[in-house]
Amino acid sequence: MGFIESFLGSNARRFIKRKDSDAGEAGRALEELRSSLHNELRTSEGAKRQQQRMCGPVVAMTFNFCVSVGIILTNKSVMGKVGFNFPIFLTLIHYTVAWVLMAIFKALSLLPVSPPSKTTPFSSIFALGIVMSFATGLANTSLQYNSVGFYQMAKIAVTPTIVLSEFILLRKMITYEEVLSLALVSIGVAVATVTDLEFNLFGAFIASVWIIPSAINKILWSSLQQQGNWTALALMWKTTPITIFFLLPLMPWLDPPGVLSFKWDLNNTSAILVSALLGFLLQWSGALALGATSATSHVVLGQFKTCVILLGGYVFFKSDPGFMSICGALVALCGMSVYTSLNLHKSADVSGKPPAKQTLVAKANGEEKINVEEKRLIAAV
């Protein structure tokens, strides 16, 4: 080393020391960043901040849209080619696989921390788990016993049910423009998809019973994430065992007989497991979308998926749904665009900076921060 140092000279030695020092500082900074990120993920507040940073409304709804299209194609294969016509049991498999995956995440310390139990009563978690089991199970059963047109009519009825339920439970009101845009969406979807209204008494009963738990399910998911420090995965981890427990007694009542005689070969099992994995991603992406937007926006997203699939089949696969169906889909997409624009403007108004008059008032009073109620009072002056 002495020979090398004498050969390089004093300037080279200083350069090497400086490089070593820079590398050490970079390493310490990286370690501090990792430690800070790890500590933030170990708290419910930090985990929720990370979810909000990494998965905003656009990302969450895009994720949910892509997974929904994938699971529609997969479930068509499971129900059609594989012949697995047991909707409640398929839903049970989905939730069981999701619970196993989350258990693995928890064992690897990858599952976000739940908020303290005192912040959210167990009754709310328990109610959400029950409602979720009925909403998901009855949706699949309704799709099995009803025609596509009748099933879509039931889905359209979820939108006014959510608006009414949010007004009764949360005193949440929507503007006149939003009401018109939602009405436009519902009419457009009805014209686009309701082509066969085959009536089945049992199917109609199932569809009617499904509407209310479906609306309540979306409202609870959205409100718990937005009002508390719940992340999507943490809330799924708490509610999934409850959902599985209440799905079990639904199987003998709503599933047709013959599940024990189903042929569980490699191809059939693989298709069902792929469906289950996509079901986990669908549940996760749906929870992210509900946490980032609202229950009504999530329903509108579902109707958007229906219209895009219909128009995509017409454009790319030369299917002919009919002139009225295409016009209805276009009308629905226009209504969705208006509703999305209104919500974006509302979000910008809430999160935007206060106007100049409000800033001057705050400075005159020596205040650096003004709460939401004070902002509204000043803006009204």
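**A helical chain and its single salt bridge**

The structure holds one salt bridge, a term that here stands for a side-chain nitrogen of Lys or Arg within 4 Å of a carboxyl oxygen of Asp or Glu. Before I come to that pair, let me say that this is a predicted model, in which local features need pLDDT of at least 70 and side-chain atom pairs count only at pLDDT 80 or more, while totals for chains, interfaces and linings use all residues. Residues are numbered from 1 along each chain as its sequence is written, and side-chain values use heavy atoms, with hydrogens and water left out.

The partners in the salt bridge are E166 and K172, whose closest N and O atoms are 3.9 Å apart. In general, side chains of opposite charge can pair when their charged atoms come close. E166 counts as buried at 5% relative accessibility, whereas K172 is partly exposed, with a relative accessible area of 37%; buried means under 20% relative accessible area, exposed over 50%, and partly exposed in between, with a 1.4 Å probe and protein chains only.

Now the chain as a whole. It has 16 helices and zero strands, where helices (H or I, at least four residues) and strands (E, at least two) are DSSP runs numbered from the N terminus. Of the 381 residues in the chain, 41% are buried. The accessible surface comes to about 21800 Å², and 68% of that belongs to carbon and sulfur atoms; these areas come from the Shrake-Rupley method with a 1.4 Å probe, and for residues only the protein chains shown count as cover. If we take the contacts with a separation of 6 or more, residues 24 or more positions apart account for 84% of them, contact meaning heavy atoms within 4.5 Å.

Which residues have the most contacts inside the largest nonpolar core? They are F84, M102 and W221, in a core of 57 residues, and by a nonpolar core I mean a set of buried Ala, Val, Leu, Ile, Met, Phe, Trp, Tyr and Cys residues joined through side-chain atoms within 4.5 Å. Leaving aside neighbours within four places in sequence, F84 is in contact with V78, M79, F89, L90, I93, F262, W264 and I272. Apart from that core lies another, of 15 residues, with L182, V185, I326 and A332 among them.

One member of that other core, L182, brings us to helix α7, since L182 is in contact with T159, and T159 has its place in that helix. T159 counts as buried, at 4% relative accessibility, and beyond four places in sequence its contacts are L182, T296, V299 and Q303. With Q303 there is also a polar contact of 3.5 Å between the side chains, that is, a pair of N or O atoms within 3.5 Å, where within protein one must be able to donate a hydrogen and the other to accept it, and residues adjacent in sequence count only if both atoms are side-chain atoms.

Helix α7 covers residues 148-170 and also holds I168, which is exposed, with a relative accessible area of 51%. I168 helps to make a nonpolar surface patch of about 620 Å², together with L164, F167, L169, L170 and M173.

Let me turn to pairs that lie far apart in sequence. N64, in helix α4 (residues 57-82), is buried at 2% relative accessibility. The C-alpha atoms of N64 and G302 are separated by 9.3 Å, although their positions lie 238 residues apart along the chain. Among the contacts of N64 outside its sequence neighbourhood of four places are H298, L301 and K305.

T231 sits in the loop between α9 (201-227) and α10 (232-247), and where is A47 relative to T231? The two are 184 residues apart in sequence and 6.9 Å apart in space, C-alpha to C-alpha. T231 is buried, at 2% relative accessibility, and touches A47, K48, Q51, P112 and Q225, not counting residues up to four places away. Its side chain reaches the backbone nitrogen of A234 at 3.4 Å.

Finally, one backbone detail: S109 has a positive phi of about 60° although it is not a glycine. S109 lies in the loop between α5 (87-107) and α6 (122-145) and is partly exposed, at 48% relative accessibility.

Terms used: Patches are made of residues with over 30% relative accessible area and no salt bridge: like charges are joined within 9 Å, nonpolar side chains (Val, Leu, Ile, Met, Phe, Trp, Tyr) within 5 Å.
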